[in-house]
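Trainee: I have a model open and I'd like to learn how to read it feature by feature. Can you walk me through it?

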Amino acid sequence: MRAYRAALLRFDDEGRPVYDADGLLVVGPDPSAAAGAGGGVRVVRAAGSWSALKDRFPGVAVEHLPGRLIAPGFVDLHIHFPQTDVIGSPAEGLLPWLEHYTFPHEARFADADYAGEVADFFLAELQRQGVTTALTFGTSHPASVDALMSRAQARGLRLIAGKVLQDRHSPDGVRDDTEQSLADTEALIQRWHGQGRLGYAITPRFAPTCSDAQMRGAGELAARYPEVWIQSHVAENHDEVRWVAELYPDARSYLAVYERFGLLRERAVYAHCIHLDDTDRALMRATGAAAAVSPTSNLFLGSGFYDYAEAHRHGLRHGLASDVGGGTSFSPFHTMLAAYYVGREGHSKAGVSLAPSQLWWQHTAGAAQALGLEGVVGNLQPGCEADFVVLDPQATPLLARRSSQAANLEELLFSLIVLGDDRAVQAVHVAGAAQGLVRPA
Ligand code: GUN
Ligand code: FE
């Protein structure tokens with residue numbers, strides 16, 4: 001066992017922050033794991049105030065981190081690892097962006113060595129930014145998933161990924177074959193899902209690029225493997241929504257197309273969810289599907305603004321996502337700040353002012369809840385897997401100046417959200433193991 005003394009942030013079951021200015025986090029082997037099971041994943045054994053816990057763990061080495069904040073590792077609810085090098089590609093909205101930059105770039109992932117090189121960079125970058133779990137797209141090439149999964153396994157990460165399904169309206173080089181794509185998906189589920197901390201996500205790219213047969217096959221796999229995740233995109237952009245209406249003139253809505261094929265259920269995560277109506281939101285809620293809110297992407301591509309007020313009114317499950325490479329940053333701080341801007345926008349919808357702790361929850365415990373991984377990752381309550389970050393609120397002169405004047409937790413968190421970036425991430429621990437000091441203290 002090992003313990004860390006610092007300021008400590010976690011969340012209660014209602015999503016409220018629990019904060020100890022002088023806290024103790026005790027990490028050790030999972031007492032509920034059978035001997036030899038668990039693969040060495042260490043868990044939180046205790047979390048709370050230093051004074052209340054200090055005598056309960058005699059003999060346990062305590063690392064004292066004065067001035068630092070320990071917080072749950074961030075959970076990125078939607079990202080594309082093969083789009084690492086697509087960041088910052090300007091276009092007249094989503095569909096031209098896909099056609100001119102994304103599809104041609106993703107075609108390169110037919111080369112497994114190339115996919116491996118990008119996967120290495122991608123995982124290192126996630127870690128540098130404090131992201132310890134991600135739900136990520138591969139490309140349509142099964143080897144892209146093998147490249148990523150094998151490397152995530154070596155790092156001990158809890159990562160969920162899937163091979164993209166796209167058998168129509170897609171260029172040569174990324175378009176797959178219906179039957180083969182479904183066989184490949186099932187083989188990848190069997191190879192990777194539940195291996196250590198890895199999970200598989202059935203990944204229809206979006207309704208316009210998947211034939212009815214492919215969507216039906218994806219839904220059948222989703223029914224046969226209920227523990228496996230589903231990830232896709234919905235209602236991101238007006239031109240995309242119009243296209244789906246043309247392809248499915250009898251469908252009540254874009255979201256209803258996914259329902260038709262059995263693709264709305266618990267563990268289904270849909271990126272964007274901007275142009276939904278109340279019936280759609282009720283359907284999301286009733287099926288247990290979750291929204292991956294991707295604010296930097298939505299601002300960059302000019303897609304629109306996620307309606308937080310309506311989402312809250314309907315009890316929609318949601319969490320934050322970078323959506324790199326439509327998104328512009330791997331940094332959870334940048335994503336949380338963009339989510340604040342998106343919430344504030346009050347011309348296309350009602351503007352709301354999201355509390356800093358609420359933004360933080362959406363990128364940690366809330367995102368974990370959206371994945372059905374509540375109590376597993378995204379929090380530091382006893383029993384949670386010990387994925388955490390050590391943050392330095394003095395990392396830059398302006399951040400140090402502003403954070404030192406914070407009168408309460410919300411002001412401290414907001415100083416990090418507004419002024420923080422990778423420089424504030426001093427260390428990252430995955431399953432209780434320090435991944436090396438990212439930046440010397
Ligand atoms: N819709 C279909 N594919 C994509 C993608 O790669 N990125 C985004 N943002 N939307 C999509
Ligand atoms: Fe996306």
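Mentor: We'll go through the ligand site, some backbone oddities, a helix and a few single residues.

Mentor: Keep in mind that this is a predicted model.

Trainee: Let's begin with the ligand. Which residues surround ligand 1?

Mentor: To read a binding site, list the shell and then look for polar partners. Here the shell of ligand 1 consists of His80, Gln83, Leu94, Trp97, Leu98, Arg205, Phe206, His233, Glu236, His272 and Asp323. Helix α2, residues 94-106, gives the most to that shell, with three residues.

Trainee: And the polar partners? Which atom of ligand 1 lies 2.9 Å from a polar side-chain atom of Gln83?

Mentor: An oxygen atom of ligand 1 sits at that distance from Gln83. On the nitrogen side, a polar side-chain atom of Glu236 lies 2.7 Å from a nitrogen atom of the ligand. Asp323 also has a side-chain N or O atom 2.8 Å from a nitrogen atom of ligand 1.

Trainee: How much of the 280 Å² that ligand 1 exposes when taken alone does the protein bury?

Mentor: The protein buries 100% of that area. The cavity list fits in here too: the space taken by ligand 1 is the largest cavity.

Trainee: Now the backbone. What should I expect for phi and for peptide bonds?

Mentor: Most residues other than glycine have a negative phi, and most peptide bonds are trans. With that in mind, look at Ala235, where phi is near 50 degrees, a positive value in a residue other than glycine. Cys273 isn't a glycine either, and its phi is positive at about 50 degrees.

Trainee: Where do Ala235 and Cys273 sit?

Mentor: Ala235 is in the loop between β10 (229-234) and α7 (238-247). Cys273 belongs to the loop between β11 (268-272) and α9. Leaving aside neighbours within four places in sequence, Cys273 is in contact with Val234, Ala235, Met284, Ala291 and Tyr306, so that list pairs Cys273 with Ala235, and a relative accessibility of 2% is why Cys273 counts as buried. Ala235 counts as buried because its relative accessible area is 1%.

Trainee: What about a peptide bond that isn't trans? Which omega goes with the bond from Val324 to Gly325?

Mentor: Omega there is near 5 degrees, and the bond is cis. Gly325 lies in the loop between β13 (317-320) and α12.

Trainee: How do I read a helix that packs against other elements? Which residues of α16 are buried?

Mentor: List the buried residues, then ask what covers them. In α16, residues 409-419, the buried ones are Leu409, Leu412, Leu413, Ser415, Leu416 and Ile417. Their cover includes strands β1 (2-11), β2 (17-29) and β4 (61-72), along with helices α12 (332-344), α13 (356-362) and α15 (397-403). Check the start of α16 as well: a side-chain oxygen of Asn408 reaches to within 3.2 Å of the backbone nitrogen of Glu410.

Trainee: Next, a charged side chain. Is Asp280 buried or exposed?

Mentor: Go by the relative accessible area: Asp280 is at 3%, so it counts as buried. Asp280 lies in helix α9, residues 278-287, and its side chain makes a polar contact with the side chain of Arg252 at 2.6 Å. Beyond four places in sequence, Asp280 is in contact with Arg252, Ser253 and Leu255.

Trainee: Can we compare that with residues in other settings? Where is Pro31 found?

Mentor: Pro31 is in the loop between β2 and β3 (42-49). Its relative accessible area is 63%, and exposed means over 50%, so Pro31 is exposed. Not counting residues up to four places away, Pro31 touches Val43 and Arg45. The C-alpha atoms of Pro31 and Arg45 are separated by 8.7 Å, with the two residues 14 apart along the chain.

Trainee: And what class does Ala350 fall into at 45% relative accessibility?

Mentor: Ala350 counts as partly exposed, because 45% falls between the 20% and 50% cut-offs. Ala350 is found in the loop between α12 and α13. Ala350 and Ala309 are 41 residues apart in sequence, yet 6.5 Å apart in space, C-alpha to C-alpha. Leaving aside the closest neighbours in sequence, up to four places away, Ala350 is in contact with Ala309, Gly343 and Glu345.

Conventions
Residues are numbered from 1 along each chain as its sequence is written. Chains are lettered from A and ligands numbered from 1 in the order in which they are written. This is a predicted model: local features need pLDDT of at least 70, side-chain atom pairs count only at pLDDT 80 or more; totals for chains, interfaces and linings use all residues. Side-chain values use heavy atoms; hydrogens and water are left out. Helices (H or I, at least four residues) and strands (E, at least two) are DSSP runs, numbered from the N terminus. Buried means under 20% relative accessible area, exposed over 50%, partly exposed in between (1.4 Å probe, protein chains only). A polar contact is a pair of N or O atoms within 3.5 Å; within protein, one must be able to donate a hydrogen and the other to accept it, and residues adjacent in sequence count only if both atoms are side-chain atoms. Contact means heavy atoms within 4.5 Å. A residue is near a molecule or strand if one of its heavy atoms lies within 4 Å of it. Accessible areas come from the Shrake-Rupley method with a 1.4 Å probe; for residues, only the protein chains shown count as cover. On a 1 Å grid over the protein atoms alone, a cavity is a set of points where a 1.4 Å probe fits but cannot get out, and a pocket is an open set with protein on both sides within 12 Å along at least five of seven lines; lining residues have an atom within 4 Å of a point. A molecule sits in a cavity or pocket if more than half of its atoms lie within 2 Å of its grid points.
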